[in-house]
Structures are given as structure tokens and as C-alpha cells.
Amino acid sequence: MRIGRRFQFPPEQQELRRKTARLSWLSLVLLTSTAVAVYLTLGQSEAMKTAWIEDLLGLIPPVALLVALKVENREPTERFPYGYFRAIAIAFLVISAVLLLVGAWLLLDSVMKLVEGARAPVGTMTVFGRSIWSGWAMIAALAYCVGVGILLGRLKQPVAARLNDRALAADADMNKAGWMSEGAAILGIVLIGYGQWWGDAAAAAFISLNIVRDGWVNLRQVVTDLMDESPTKLGETELESLPSRMRDAAERLPWVEKAAVRLRESGHVIAGEVFVVPRVERDLVANVEAASESLCALDWRIYSVTVMPVSRLDGAKLPRH
Amino acid sequence: MAVLSSCGLPRDADGTLDRVRGGALRVGVSDHPPWTAIRDGQIDGIETRLVAELARGLGARPVWRRGAESELLDALHRRELDIVVGGLTADSPWKGQVAFTRPHFTDTATGRAHVLAVSPGENAFLVHVERFLEPRARTGALPADAAAR
């Protein structure tokens, strides 16, 4: 037995993690290009400004993921004997709080513009020596953003599902919310084109709501993580059956009378305790060690299981909520 | 131009361009030589001459209103005027309240971009004014005769 070992991802998951890193780099490159495209055509449209900020905020999750991929699997140290799995959760806590605040601020800003009746001026710009209405350039830049958002979301979703990676799933979700916002911004610009000035601020309000929603979804996800929630399936709130399966597996061991299991999910990995009432106490140490080994093999995500022999177990089941 | 006229976009929120064509162009002028100059009731200057030419092109009769810059820009924001001239530059704090055109003169000495202001949301009118200014746009130091005025 060795405490503070490094968690070994199975080969398939290691490949998926490399894919996650590649997708994050791709996101950074493509989202930077969309941010530049939107910036060049920004003008005085509220919807464009909001779409641009959302685009910039979309750069944060891939960076957090790349950092997490490097940090989370570091060798545990004397100071951090439980390893670095929580690093990602801390990053996401900060990000989701920022998303919530920025989204709320932009929402307030666009609602104020709507109430004031602020009308966005959109004039001409010169593209390749020809002067065109800036609205067309804005729409072209936004259409490019929509394409990038759809592509990134589509690429990330299956990887997140197979890796059971909530951070990547949340990132893919943000890409989806992002391209829907940019679609709304296109509508806003078209409405300006038709002299419907309110379309701009209304589109901006819709985009801000999307940012608030991103923040809220991420915050809920990360808070459950920091609260040591029992494992759940990706994108679902239903608890997994893993703890009860582990209890059944422990109770099937010939030397175990009764067992109780407590598991928690930290980022990608699962850790927890199995309390057992032994039927026989002969070879207890060897039995406990063997049980710890075999129970770890139930699922690839399990990082460590502490098997603890006790004389009796009271209150067999915890309340649902 | 072909793309624009085929779709008829953008349109004005309040139909300024249609109203001005063959009608009255409500112009605010604040004294700021050499761009605008009000002397003994006579209105002159680089920008006022530009606006008079713009009005001629639209078959419109300019209706001049003299006043302080802040008063005129506030009226423009409330859409009581169609266009304001008075040596405005693109870095003016009024940027968010009214619609500035692209520069008609960029001063190489000071780096300042001189613009005209039109009422916000009147984008067909804004595009028309910018297209009018585009071939007339200049870069350089202030014209000597204008500076002397």
C-alpha cells in the first residue's frame, strides 16, 4: 500500500485527454480569430459589443482546461497529500462567478439602453477599397462566429461524454450558447437595417441572459463538486448506482458481514471509504488490502478506496436529500 | 453601392433621408472657425459649405439653427435636428449620444479626425452623408486660407 500515488488513467482515457487538450488549443485559435473579426466590425452596436465580450469570455474555459490537464494529475506531495484534483474546481468557481457578474452587468446595460431608447448608428466602412454598409461586415463576422461555435460544440460533446468530463461538457455548452447568441446578434443587426432600433439592445439583452445562464450552470456544477457530491452521470442530476454496487461487491466478499459506502467525485476521479463489519477477523489486514484493490477495479474513475473495518454499522441508509 | 441599393438597407428609424429629400434639412451650426463661422448673421466655413452642397444634392433647403455645441448636440440626440457642424472631432465625449460620420478631414499635425454629427439610428441618412463625404475627405495640415480666416 502506498499513499499519495499518482492516478493512472486507462489508455483509452489518456487518448481522450490528449484529444481534450488538442480541442482546447483549437478553441483558443478559432475563438481568438472570431474575437478579432468581431472587434474589427464592432462599431457602436450594443449587440456587437455584447457578442464580442461573450466571445472573449469563451476563451477562459479552454485555458482552464489546459491548466487543469497539466495540474490535476500531479504527484501528491507532503503538503497536498490528496493530490491536485480540486485545482480545476477552484478555477471553475472563479470563472463561473465572473460569468455571472459580467452577464448581469451586460444585461443591466442593454436593458437601460432599451429603456432610454438608445439608437445604434451603423454607417459605412471600407472593405477592399469599396465602401459598404458596416452592418453587412458585422453580419459576416457574426456568421463566421456561428460556424466556429457549431463546429467546436460538435467536436467537444462526444469527447466530454466518453471522458465523463463535466468541465469539457460545460465548455461545449458555452460554445452552443455562444453561437445561438451570435445568431441573435445577426437578427439585431438586420433589425437595425430595417430601422427597428430596439432590435439591437433586445439582442444584446438576450446574449447577456445567455452569459448569465452559462455562469449559473457552471457555478452549480462546480459547487456540487466542491461539496463532495456522490458520483452523477454527465449532464444529469440523478445519482449513479456506483456506491450501492460497491456495497454489494463488498458484501459478497466471504469475510464481510455488512458494508456501507461513501463516495465523492473530485474532477475526473472518484474517491471514498468502505466501512465493513468483518464476519471473521483472521487475516484481517490482508483481506482489507485485497478488498481495497478489488473494489478499485469496479470503475476506471476510482482513484482510492479506503476500507475500514468496524465493529457495527448504525443507520444503514442516509436520507435522499 | 449595388448591394446596398438592391436590398434597400439600411433604413432610417425615423425616415430622415426620405423626409429631407426635396424638403428641409435641419442643420445645427456652432461657431468654430475655420470649420464653421458665423459673422454678422452670415454663415460660412468649411463644414457649412459641405452641408450646403449635401443639401443641394438632396434637393433640400437647409434650415440653419445657431447655438452652443452642447445645446445643438442635445437637440440632435432628441432628433430635433438632422445634422450638426462645428469642428467636431471623433474623440468627442458625445460619441455615444449622436452618430458621428467617418472623418471628412484628418489633421496630420494634431492627429484629430474631424467629423459631422447626424441623429442616431438614422442609418440610411448616415450612410448617405458618409458616401457624400468619402470623395471629399482630405488628410493633411489645416488649409492655409481657412486657418487665416
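Reader: Which residue in β8(B) is the bridge partner of Phe105(B)?

Author: Start with the strands, which are DSSP runs numbered from the N terminus (E, at least two residues; helices are H or I, at least four). Strand β7 (residues 105–107) of chain B runs antiparallel to β8(B), with 2 bridges between them, and DSSP has to find at least two bridges for strands to count as paired. Within β8(B), Phe105(B) is matched with His114(B).

Reader: Before we go on, what pLDDT do side-chain atom pairs need in order to count?

Author: Residues are numbered from 1 along each chain as its sequence is written, while chains are lettered from A and ligands numbered from 1 in the order in which they are written. Side-chain values use heavy atoms, leaving out hydrogens and water, and since this is a predicted model, totals for chains, interfaces and linings use all residues, local features need pLDDT of at least 70, and side-chain atom pairs need pLDDT 80 or more.

Reader: Back to that sheet: which strands stand at its edges?

Author: It's an open sheet of 3 strands with mixed pairing, in the order β8-β7-β10 (chain B). Strands of a sheet pair through backbone hydrogen bonds, either parallel or antiparallel. Two strands here have a single partner each, so one side of each is left without a neighbour in the sheet: β8 (113–114) and β10 (138–140) of chain B.

Reader: And what is the bridge partner of Ala99(B) in β9(B)?

Author: That takes us to another open sheet of chain B, with 5 strands in the order β4-β1-β5-β9-β6 and mixed pairing. Its edge strands, pairing on one side only, are β4 (61–66) and β6 (99–100) of chain B. The antiparallel pair β6(B) and β9 (residues 117–118) of chain B is joined by 2 bridges. In β9(B), Ala99(B) is matched with Val118(B).

Reader: Over in chain A, which residue of β4(A) stands opposite Leu263(A)?

Author: β3(A) and strand β4 (residues 269–278) of chain A are antiparallel, paired over 10 bridges. They make a hairpin with 2 residues between them, and Gly267(A) in the turn has a positive phi of about 60°. Across from Leu263(A) in β4(A) you'll find Gly272(A).

Reader: Is Val256(A) in that hairpin buried or exposed?

Author: Val256(A) sits in strand β3 (residues 256–266) of chain A, and its C-alpha is 4.6 Å from that of Pro278(A), 22 residues away along the chain. Beyond its neighbours within four places in sequence, its contacts (heavy atoms within 4.5 Å) include Val276(A), Val277(A) and Arg279(A). The scale is relative accessible area with a 1.4 Å probe, protein chains only: under 20% is buried, over 50% exposed, and in between partly exposed. At 0%, Val256(A) is buried.

Reader: How far apart are N and O in the salt bridge between Glu122(B) and Arg119(A)?

Author: The contact takes 19 residues from chain A and 25 from chain B. It buries about 1,800 Å² (accessible area, 1.4 Å probe, that two parts lose on being put together, summed over both), with carbon and sulfur atoms giving 52%. Arg119(A), Thr124(A) and Trp136(A) supply 33% of what chain A buries there, more than any other three residues. A salt bridge needs a side-chain nitrogen of Lys or Arg within 4 Å of a carboxyl oxygen of Asp or Glu, and Glu122(B) and Arg119(A) meet at 3.9 Å.

Reader: Which residue does Glu12(A) meet in a salt bridge?

Author: Glu12(A) is in helix α1 (residues 11–40) of chain A, and its partner is 150 residues away in helix α5 (residues 134–163) of chain A. Glu12(A) is partly exposed, with a relative accessible area of 45%. At 3.3 Å, N to O, the partner is Arg162(A).

Reader: Which helix gives the largest share of the nonpolar patch?

Author: The patch covers about 590 Å², and among its residues are Ile90(A), Leu93(A), Val223(A) and Met227(A). Patch residues have over 30% relative accessible area and no salt bridge, like charges being joined within 9 Å and nonpolar side chains (Val, Leu, Ile, Met, Phe, Trp, Tyr) within 5 Å; areas follow Shrake-Rupley with a 1.4 Å probe, and for residues only the protein chains shown count as cover. Leu226(A), in helix α7 of chain A, is partly exposed at 33%. The largest share, 4 residues, comes from α4(A).
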